[in-house]
Amino acid sequence: MSEKEMSLTYDKLVSLESVDGGPCLSIYQETHRSHPDNQQDPIRFRNSVKQLKLSLLEKYPDANMHDSLKALEALGDDFDFWAHTWEGLAILCGQDRFEIFRLQRPVADLIVVGDSFHLNPLRRYLQSVDRFQILCLSINKIQLFEGNRNTLDEIVPQPAVPITIASALGSELSEPEKSVSSHAGTGHGTIATHHGYSDKQNEIDIDTQKYFRAVDTAVLEHHSRPTKLPLILACLPEHHKHFRKISDNHYLLAEGLDIDPFSLSVPELRERAWLLFEPGYAAQLKSLADDFLAAKAKGLASDDLVQVEQAAADGRVQTLLIEADRLDEEFGSESLENLAEIVAKMGGKVQIIPAATMPGQTGLAATYRYGQA
């Protein structure tokens, strides 16, 4: 991961929303994971940078953005970066910011130069309800993944997250456990029998409990809470009980994967995770639709764009549902994205959902905190 590359979180979005005063440069581009499709990605990006420079010169002729433009040009020639892209890319540059976000969904190619960053594509990405994270856990190490129905990628834990038991406990780690860690190989969660192990079983159990607690605390603070994503625990059956006993992470799903996650390929892990996640996902979609219909019967909901826009401006929208397919349409997508921005800024919740579960035919549905005065 590039040192400028960031994890997309709600806090990060709020930080970007607070930027007021240009020039703010926003670049979005659909990208590709594999050859030969990804060969055109850096070429298209370099063309976008050329267009952006012209737009910048026209709108802000006196702005000093030399360092940002130089960094963009260097990124266009970074072979390693373009060899590891996902489905979408967002790059935001300001006077003192240069941030990169890889996205697991395609985005429309777009260049915006203005007094603030163009954030609708990032906001939409965060508001999709089919995303989740996976914590792969053994007594020696962890891995974190993020994905949805179609894709799963390993994510780099934040620096404060201990990825091994040795990094979590340091000098407090018992000597037998140090031996196990250093000879653990793949770290699949099994402990080899060796001399002195039985005498130190209690110490090792205490070490494991400390490690699980450190992992739980750090993952909650640095990943679950910032992203607000459901967390699937994947580990051997005997570790589920111990981890859940100490866990304070309310994003952790009640059901997990009772497997050795380190023995699976990424596609196998994604498939098993989606099979576990899908029933709850379907239930959530049904609940959102049912809540809208019940509220509408009481006069506390609408699927009329004009009415919802007025309610959003008044701060009355509690939950806004938007049909994903409508956001992909050229006609009407901008008004829906602007509406979502207003609702979010007024403290409402926005959810992007599939057409099959969308109540009504207008592409949006909003429930209100209270009726019109």
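Which residue stands opposite Cys-136 in β8? Ala-234 does. Keep that pair for later in the tour. The model on screen is predicted.

**Start with the whole chain**

Show the full protein chain. Its C-alpha atoms fill a box of roughly 70 × 55 × 35 Å along the principal axes. Colour by secondary structure. You should find 13 helices and 13 strands.

Switch to a surface. The protein chain exposes about 18600 Å². Carbon and sulfur atoms supply 50% of that area. Of the 373 residues, 48% are buried.

Now think about contacts. Take those in the chain with a sequence separation of 6 or more. Residues 24 or more positions apart account for 70% of them.

Colour by charge next. There are 36 positive and 55 negative charges. The mean positions of the two sets are 3 Å apart.

**Select β5 and β8**

Select residues 132-137, which form strand β5. Add residues 231-235, which form strand β8. The two strands pair in the parallel sense, over four bridges. Here is the opening pair again: Cys-136 opposite Ala-234.

Stay on β8. Is this strand mostly covered or mostly open? It is mostly covered, with five of its five residues buried. Turn the strand to see each face. Leu-231, Leu-233 and Cys-235 lie on one side, and all are buried. Ile-232 and Ala-234 lie on the other, also buried.

Add residues 257-258. This is strand β9, and β8 pairs with it in the parallel sense over two bridges. Cys-235 has Asp-258 as its bridge partner in β9.

**Zoom in on Leu-137**

Return to β5 and pick Leu-137. At 1% relative accessibility, Leu-137 counts as buried. Show its neighbours, leaving out residues up to four places away in sequence. Leu-137 touches Ile-142, Phe-212, Leu-233, Ala-234, Cys-235, Phe-243, Pro-261 and Phe-262. Two of the names, Leu-233 and Cys-235, lie on one face of β8, while Ala-234 lies on the other.

Draw a line from Leu-137 to Phe-212. The two are 75 residues apart in sequence. In space, their C-alpha atoms are 8.8 Å apart.

**Check the cysteines**

Select the cysteine sulfurs. How many disulfides does a search of the whole structure find? It finds zero.

Centre on Cys-136. Its closest cysteine sulfur belongs to Cys-235, 9.3 Å away, so the gap is too far for a bond. Cys-136 is buried, at 1% relative accessibility.

Move to Cys-93. Why does Cys-93 form no bond with Cys-24? The sulfur of Cys-24 is the closest cysteine sulfur to that of Cys-93, but the two are 9.8 Å apart, which is too far for a bond. A disulfide needs the sulfurs within 2.5 Å. Cys-93 is buried as well, at 1% relative accessibility.

**Select helix α5**

Highlight residues 120-127, helix α5. Seven of its eight residues are buried, so the rest of the structure largely encloses this helix. Show the side chains of the buried set: Asn-120, Pro-121, Leu-122, Arg-123, Tyr-125, Leu-126 and Gln-127.

**Finish at the four-stranded sheet**

Which order do the strands of the open four-stranded sheet follow? The order is β10-β13-β11-β12, with mixed pairing. Strands β10 (301-302) and β12 (349-353) stand at the edges. Each edge strand has a single partner, so one of its sides has no neighbour in the sheet.

Select β11, residues 317-323, and β13, residues 364-368. They pair in the antiparallel sense over five bridges. Trace two of the partnerships. Thr-319 has Thr-367 as its bridge partner in β13. Ile-322 has Leu-364 in β13.

Now bring in β12. Strands β11 and β12 run parallel and are joined by five bridges. Look for Leu-320, which stands opposite Val-350 in β12.

Last stop: the surroundings of β11. Six of its seven residues are buried, so the rest of the structure largely encloses this strand.

Methods:
Residues are numbered from 1 along each chain as its sequence is written. This is a predicted model: local features need pLDDT of at least 70, side-chain atom pairs count only at pLDDT 80 or more; totals for chains, interfaces and linings use all residues. Side-chain values use heavy atoms; hydrogens and water are left out. Buried means under 20% relative accessible area, exposed over 50%, partly exposed in between (1.4 Å probe, protein chains only). Contact means heavy atoms within 4.5 Å. Accessible areas come from the Shrake-Rupley method with a 1.4 Å probe; for residues, only the protein chains shown count as cover. Lys and Arg count as positive and Asp and Glu as negative; His and the chain ends are not counted. The place of a charge is taken as NZ of Lys, CZ of Arg, CG of Asp or CD of Glu. Two strands pair if DSSP finds at least two bridges between them.
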